Amino acid sequence: MNEAGKSTLYQFIQAILFGFPAKRKKGKDYTPNDGSGFGGRLQLVHPTYGNVTIERYKTKNKGKAKVWLEDGQQGEEDLLERILYPLTLQLFREVFTFQQEQLQQMDTLSEENLHDALISLGLSGSNELFEQRLRLKNNYERIYRPRGKKQPLNQAVQTYQRLQQRIKEKESQEASFQQLVGQADIENEQVAKQTRKNRQLQEQQLKLEQQRMNWSAYAEYLTLRKMDLKRIASDTEQQTLQAFYQEYQQLSKEREKLHAALQQHSGNQESARYYFYLEYENKIQQLLGEKVAISRMLDEEQRIANQLAEMNHGQIAGWQDHPPRPFADEQAIQQLFLPLQNQQKTEEELKIRLHLITEQRNQAEKNLNDYEQKHPELFEQKKTVPWVFIAAGIVAILSLFLPAPLRYGGLVVAGVCAFGGFIKRNQPVDKSNWQEKLGQLDIYEGQLAELKEQALQSQKSLLALINQLEHELAQRNLTSEINEFAVIKINQQAQTFLAQLKTNRELQHRQADLRQNLMQQEQRFDFLAEWLPLREKNLSEKLPIVEQFAKEMEQIRFAQTYQENTVLQQRIHEAQRQQQQLLDQHQVLMENLRLAYPAEIPAFLQREADVAKNQVRLKELTERVAPLFDQETTQAEIEETLRTLRQTIQSGEQQLHQLQEQEQRSRLQIQQMQADGTLDSLYQQASQQRAHVEQLTKDYAITKLENQLLQDIATELSEQQLPELLAQATTYFRLLTNREQTKLDFHEGILTVDRMSVYNLSTGTKDQLMMAFRFAYLALQQKHPLCPVIIDDGWLHYDYQRKYQFAKLLQQFSKNYQVICLSSDQEMVSYYQELHQSVWELKGV
């Protein structure tokens with residue numbers, strides 16, 4: 001029955017979940033009239049939190065909710081918000097509750113309106129998207145409207161335009177101002193262009209200086225690059241070839257010994273030298289076995305000595321004892337010279353201003369002197385004859401002798417002359433122009449004195465900066481010349497010197513090790529000094545003498561050991577056989593390496609070692625020296641280019657100085673033209689106003705872009721869901737209307753029912769159409785239900801057939817979604833019971 005509390009129950013659920021509504025004059029108040037507590041408890045089942053109990057009373061805890069979970073956890077509003085998220089009061093009202101007035105909100109259903117409805121009713125996500133769009137639209141329209149007058153951006157643009165107009169008028173009054181500004185800009189561009197040109201020339205000079213410093217290394221690089229540095233044998237092949245050659249040489253030596261022994265007379269007498277050889281044979285053979293290693297050490301020591309001599313030849317005097325401390329890079333030098341350059345620029349500007357003010361002061365003094373010469377009455381009054389008074393006296397005397405009418409006229413004339421002479425005699429001298437010129441001269445004198453004081457302070461600052469730079473450069477032991485280009489040049493030389501110094505130290509350390517090893521090797525020959533002529537011989541000369549001594553002693557050995565020629569010949573043949581066998585084994589290797597005879601092997605191995613050494617050197621020069629030379633050149637060309645470039649740089653510096661001076665003159669004239677401050681003030685106001693306009697424009701653009709982005713997002717979401725929504729709505733509409741073939745579609749953007757406009761539908765059918773769309777949305781969301789569906793008498797325009805079909809829809813829909821239907825319609829209750837739906841009776845109080 002009606003008035004059983006359906007709306008009150010709905011309001012109770014809403015109040016427990018989202019809080020008590022504020023009192024409104026026209027709205028209905030659900031506060032109990034008997035004074036009982038306004039509130040209560042509500043239990044619900046949540047997929048994550050399980051059984052949840054919510055209690056809220058308006059007079060307790062300031063109307064805030066208390067929440068209990070089945071695991072014992074308790075909380076208040078923040079826990080309730082987490083449980084209900086993302087369900088909000090707005091979604092609860094507009095999506096999950098059905099009331100009759102909601103079904104009448106859209107009497108036409110176009111495709112565009114459905115897009116908006118999908119957004120506004122939360123069908124594409126949430127109503128917050130739609131409201132945010134409206135807020136953003138209101139925000140950017142409050143900033144600017146195309147035809148608005150009160151909006152901040154409209155007013156700011158108008159103010160800026162007025163300022164621009166005033167500036168234009170002011171500049172037009174000063175006809176030469178814009179011309180002077182344009183001239184100064186052109187001069188500034190010329191200065192920048194000349195500066196870049198000078199910088200490029202200086203960089204070319206630095207590069208040429210580096211080329212000149214590294215010319216010897218570059219010449220070596222060119223020589224190595226033209227050489228054939230391709231290695232023929234690999235390291236393994238070289239080792240195999242070396243071992244083969246040593247073994248082959250040993251067999252050759254053995255054959256030589258046998259042949260020598262065969263030729264010796266069998267009666268050869270033994271000597272003390274031979275017994276000495278027998279005693280120290282092992283040591284002698286060990287020395288001879290290290291002949292190759294000793295030769296390599298001698299060659300390396302000689303190469304290092306030559307390289308050190310070449311490096312020491314190009315070093316700057318004074319750096320050997322006190323090495324420099326160069327800057328890290330060219331940028332550090334530029335930063336070091338920047339304060340000095342700024343101060344020098346200030347100094348030049350002060351000189352130009354001083355010269356300009358002096359010229360203006362002299363001109364003002366000349367104008368004052370000329371004016372004083374033209375107006376001597378400014379200083380003294382010359383005594384002149386009072387002819388006017390004399391004439392007046394004569395006329396007055398003569399008038400006494402004239403008849404009465406003429407007498408009075410003569411007296412009048414005499415009076416007029418006397419009065420005129422008195423006025424002229426007492427008329428003051430006009431000194432305003434003189435005082436103005438004198439004041440102008442005083443202004444120039446004051447400016448001149450102020451500029452002289454500034455120039456004096458600038459000179460002191462400049463001298464302090466120069467002293468500071470000199471001290472810094474002296475600490476680094478670079479140069480005493482205060483010139484950025486010279487410092488960059490010497491800094492590069494210092495960096496090269498330190499790199500060479502490091503290389504020198506490494507080479508010297510290696511040379512010391514080699515010399516120590518060679519000295520140790522020489523000491524090993526001391527035991528032979530008594531028997532062999534080794535005194536005053538170097539290591540390379542001692543080795544052949546010892547080798548010859550060993551050969552002689554071996555001949556004696558063979559002569560004493562083998563007396564019979566047949567035995568010697570057999571040993572000779574055996575050595576030849578072994579030697580031939582060894583040669584056959586390595587014949588393929590020698591053919592691959594293009595070697596015809598074993599005697600070519602030492603020269604071949606030495607060439608391979610030289611090639612490997614030259615490859616390492618070429619790689620080093622390619623990385624260090626080759627990048628400095630873009631193309632092949634000669635030392636004479638470099639010197640000639642440097643000489644020409646120095647002259648060009650000097651000419652460019654002079655031209656740059658002239659251009660800078662001319663630009664500074666123009667800038668100073670501009671400053672003087674702006675001395676009244678009017679243009680400065682207008683420029684400042686315009687700059688501030690432009691910044692204000694830009695900020696407002698930025699805010700307007702950002703807000704409008706956000707609005708458009710939200711619109712695009714909402715449109716995209718609705719377009720993605722609209723076909724599915726339309727299909728689901730068609731299914732539900734067929735069920736509600738009991739029409740199996742009914743089809744919902746769009747024609748030219750307008751929703752149609754069986755190609756018929758929705759305007760032709762009855763009121764009840766329109767309700768059914770809206771109901772179908774509402775349930776279609778809920779069907780799309782049934783995988784993630786946020787809240788039960790609550791319906792409060794949403795079928796006022798339904799007859800019995802429509803009510804029954806609606807009940808069937810609720811039966812079908814409630815299988816996957818909880819539906820709470822609040823109704824006083826007994827006919828609907830009978831349908832629910834017929835369809836086996838749960839029916840609870842609410843009894844009013």
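**Stop 1: helices 24 and 25**

Start by selecting helix 24, residues 763-780, together with helix 25 in this predicted model. Their axes come within 12 Å and cross at roughly 0 degrees. An angle under 35 degrees counts as roughly parallel, and helix 24 and helix 25 are therefore roughly parallel to each other. Now show the side chains where they meet. On helix 24, pick Gly764, Thr765, Gln768, Met771, Phe775, Leu778 and Ala779; on helix 25, pick Arg802, Phe806, Leu809, Leu810 and Phe813. Colour this contact by residue type and you will get eight nonpolar residues, three polar and one charged.

**Stop 2: the rings around helix 25**

Keep Phe775, Phe806 and Phe813 on screen and add Tyr732 and Tyr817: these residues form one aromatic cluster. How many aromatic pairs does a search of the whole structure find? The search turns up 11. One of them is Tyr804 with Tyr831, an edge-to-face pair with 5.4 Å centre to centre and 80 degrees between the planes. Tyr804 belongs to helix 25 (residues 800-813) and Tyr831 to helix 26 (residues 826-834), so select both helices to see how this pair links distant parts of the chain, 27 residues apart. Switch on a surface and compare the partners: Tyr804 is partly exposed at 23% relative accessible area, while Tyr831 counts as buried at 12%.

**Stop 3: charges over rings**

Next, select Lys283 and Phe527. The charged end of Lys283 sits over the ring of Phe527, 4.3 Å from the ring centre. Then move to Arg476 and Phe327, where the charged end of Arg476 sits over the Phe327 ring at 4.0 Å from its centre.

**Stop 4: two loops with positive phi**

Select Asn61, in the loop between strand 2 (50-57) and strand 3 (66-69). Its phi is near 55 degrees, a positive value in a residue other than glycine. Asn61 is partly exposed, with a relative accessible area of 33%.

Now jump to Arg755, which you will find in the loop between strand 7 (750-753) and strand 8 (756-757). Here too phi is positive in a residue other than glycine, near 60 degrees. Is Arg755 buried or exposed? At 82% relative accessibility, Arg755 counts as exposed.

**Stop 5: polar and charged residues that are buried**

Go to helix 6 (residues 152-173) and select Asn154. With a relative accessible area of 7%, Asn154 is buried. Which residues does Asn154 touch, leaving out those up to four places away in sequence? Display Ile143, Tyr144, Arg145, Pro146 and Gly148 to see them.

Helix 12 (residues 291-313) holds Glu301. This glutamate is buried as well, at 14% relative accessible area. Apart from its neighbours within four places in sequence, Glu301 is in contact with Gln511, Leu514, Arg515 and Leu518. Put those four side chains on screen beside Glu301 to view the contact.

**Stop 6: meetings across the sequence**

Select Ser252 in helix 9 (residues 235-263). Ser252 counts as buried, with 16% relative accessibility. Draw a distance from its C-alpha to that of Ile572: the two are 10.0 Å apart in space, although 320 residues separate them in sequence.

Follow up with Thr633, placed in the loop between helix 21 (601-624) and helix 22 (635-673). Where the loop holds Thr633, the residue is buried, at 18% relative accessible area; the cut-off for buried is under 20%. How far apart are Thr633 and Gln211, in sequence and in space? They lie 422 residues apart in sequence and 9.8 Å apart from C-alpha to C-alpha. Add Trp215, Tyr218 and Ile638, which Thr633 touches once residues up to four places away in sequence are set aside.

**Last stop: the whole chain**

Finally, zoom out and show the chain as a cartoon. There are 26 helices and 10 strands to trace. Colour by accessibility and the buried residues make up 35% of the 845 in the chain. Among contacts between residues at least 6 apart in sequence, 76% join residues at least 24 apart. The Tyr804 and Tyr831 pair from Stop 2, 27 residues apart, is one link to look for again in this wider view.

Terms used:
Residues numbered from 1 in each chain as written. Predicted model: local features only at pLDDT ≥ 70, side-chain atom pairs only at ≥ 80, totals over all residues. Heavy atoms only, no water. Phe/Tyr/Trp six-rings, centres within 6.5 Å; stacked < 30°, edge-to-face > 60°. Helix = DSSP H or I, 4+ residues; strand = E, 2+ residues; numbered from the N terminus. Buried < 20%, exposed > 50% of the residue type's maximum accessible area, 1.4 Å probe, protein only. Lys NZ or Arg CZ within 6 Å of the ring centre and 35° of its normal. Axes fitted to C-alpha atoms, helices over the stretch in contact; angles between N-to-C directions. Parallel < 35°, antiparallel > 145°, perpendicular 65-115°, else oblique. Contact = heavy atoms within 4.5 Å. Nonpolar A, V, L, I, M, F, W, Y, C, P; charged D, E, K, R; others polar.
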